[in-house]
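Trainee: I have not looked at this structure before, and I would like to go through it slowly with you. Could we put the sequence and the model in front of us and then take one topic at a time?

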Amino acid sequence: MPTSPSPAGQGGAKGTRLPRHARRNQLLGAAQQVFVAQGYHAAAMDDIAERAGVSKPVLYQHFPGKLDLYLALMEQQTERLVEKVRKALEDTTDNKQRVDSTMSAYFEFIDDEGGAFRLVFESDLTNEPAVREILDRANRRCAELVADVIAEDTDRPRDQAMLLATGLTGAAQITARYWLAENRAIPREAAAEMVSQLAWRGIAGFPLHPEK
């Protein structure tokens with residue numbers, strides 16, 4: 001009689017040996033499903049182990065506690081967002097396209113069917129200093145990537161570039177979350193384009209360096 005796949009879809013039966021990195025990713029995938037569905041406080045390590053198809057001792061070998069697991073997942077997902085923004089900026093030298101791609105990166109992250117954005121931006125653990133530190137660091141890294149471009153291409157000093165970049169990335173995050181909360185009333189590409197047009201009309205008002 002055939003056996004059914006593990007709940008997380010990656011692991012196989014309990015006791016199946018995987019390379020450490022693969023097992024870690026499997027556990028993080030299972031944890032994401034449980035945390036998104038139940039929130040941090042309601043989720044139990046038992047639920048995560050069951051979803052991953054492993055024993056609790058295996059889970060604890062990788063993550064000593066629930067908070068450690070949650071923080072690892074936060075690190076993974078915020079890094080994914082930062083890399084999306086980095087790619088959006090590095091894939092072209094056209095600044096209007098950079099704005100378009102950056103806005104699209106936020107909308108794509110928010111619209112991910114796995115719901116990872118809820119862990120990042122709508123956590124029920126936002127008062128936990130370690131969670132806030134990860135989120136603040138990710139937000140700053142995204143803004144710094146945008147500020148690098150602004151500072152390089154305009155005559156604005158670094159502190160002004162960071163202020164403008166924080167406004168742009170903040171607008172992207174908030175509007176994307178609003179769009180999702182409104183049940184995607186506007187197609188994602190159209191919504192991202194509208195926000196991009198708004199952002200571009202603002203940032204384009206700052207003149208480029210003469211050599212640009």
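Trainee: In what order do the elements of the protein chain run from the N terminus on?

Mentor: This is a predicted model, in which local features need pLDDT of at least 70 and side-chain atom pairs count only at pLDDT 80 or more, while totals for chains, interfaces and linings use all residues. Residues are numbered from 1 along each chain as its sequence is written, and side-chain values use heavy atoms, with hydrogens and water left out. Helices (DSSP runs of H or I, at least four residues) and strands (runs of E, at least two) are numbered from the N terminus, and the chain has 9 helices and 0 strands. Read from the N terminus, the order is therefore α-α-α-α-α-α-α-α-α.

Trainee: What share of the residues of the protein chain counts as buried?

Mentor: A residue is called buried under 20% relative accessible area, exposed over 50% and partly exposed in between, using a 1.4 Å probe and protein chains only. The C-alpha trace spans about 70 × 35 × 30 Å along its principal axes. Of the 212 residues in the chain, the share that counts as buried is 41%.

Trainee: Which elements do the buried residues of α1 pack against?

Mentor: Helix α1 covers residues 20-38, and its 19 residues reach 27 Å from the first C-alpha to the last, close to the 27 Å expected at 1.5 Å a residue, where the expected span is 1.5 Å times one less than the number of residues. Its buried residues are Arg 23, Gln 26, Leu 27, Leu 28, Ala 30, Ala 31, Gln 32, Val 34 and Phe 35. With contact taken as heavy atoms within 4.5 Å, these residues pack against α2, α3 (56-62), α4 and α6.

Trainee: How much of the chain over residues 44-63 is helix?

Mentor: An unreviewed UniProt entry places the feature "domain: HTH tetR-type" at residues 21-81, and the annotation "DNA-binding region", also from an unreviewed entry, covers residues 44-63. UniProt positions are given in the numbering used here, feature names are shortened, and such annotations may be inferred rather than shown by experiment. Over residues 44-63 the end C-alpha atoms are 13 Å apart and strand accounts for 0%, while the helix content is 75%.

Trainee: Is Met 45 buried or exposed?

Mentor: Met 45 lies in helix α2, residues 45-52. Setting aside neighbours within four places in sequence, Met 45 is in contact with Leu 59, Tyr 60, Phe 63, Gly 65, Lys 66 and Leu 69, and its C-alpha atom is separated by 8.1 Å from that of Gly 65, 20 residues apart along the chain. With a relative accessible area of 7%, Met 45 is buried.

Trainee: How are α4 and α7 oriented to each other?

Mentor: The axes of helix α4 (residues 66-90) and α7 come within 10 Å and cross at roughly 10°. Axes are lines fitted to C-alpha atoms, for helices over the stretch in contact, with angles running from 0 to 180 degrees between N-to-C directions. Angles under 35 degrees count as roughly parallel, over 145 as roughly antiparallel, 65 to 115 as roughly perpendicular and the rest as oblique. That makes the arrangement of α4 and α7 roughly parallel.

Trainee: Where do the buried residues of α9 sit around its axis?

Mentor: The 16 residues of α9 (residues 188-203) should span 22 Å, and the end C-alpha atoms are 22 Å apart, which agrees. Ala 191, Ala 192, Val 195, Ser 196, Ala 199 and Ile 203 are buried in α9, and α5 (95-110), α7 (129-153) and α8 (158-181) are included in what covers them. The face turned away from the buried side carries the exposed residues Met 194, Leu 198 and Arg 201. The buried residues cover an arc of only 130°, taken from the directions from the helix axis to the C-beta atoms, which puts them on the same side of α9.

Trainee: What is the phi of Asn 183?

Mentor: Most residues other than glycine have a negative phi. Asn 183 is found in the loop between α8 and α9 and is exposed, with a relative accessible area of 65%. Although Asn 183 is not a glycine, its phi is positive, at about 60°.
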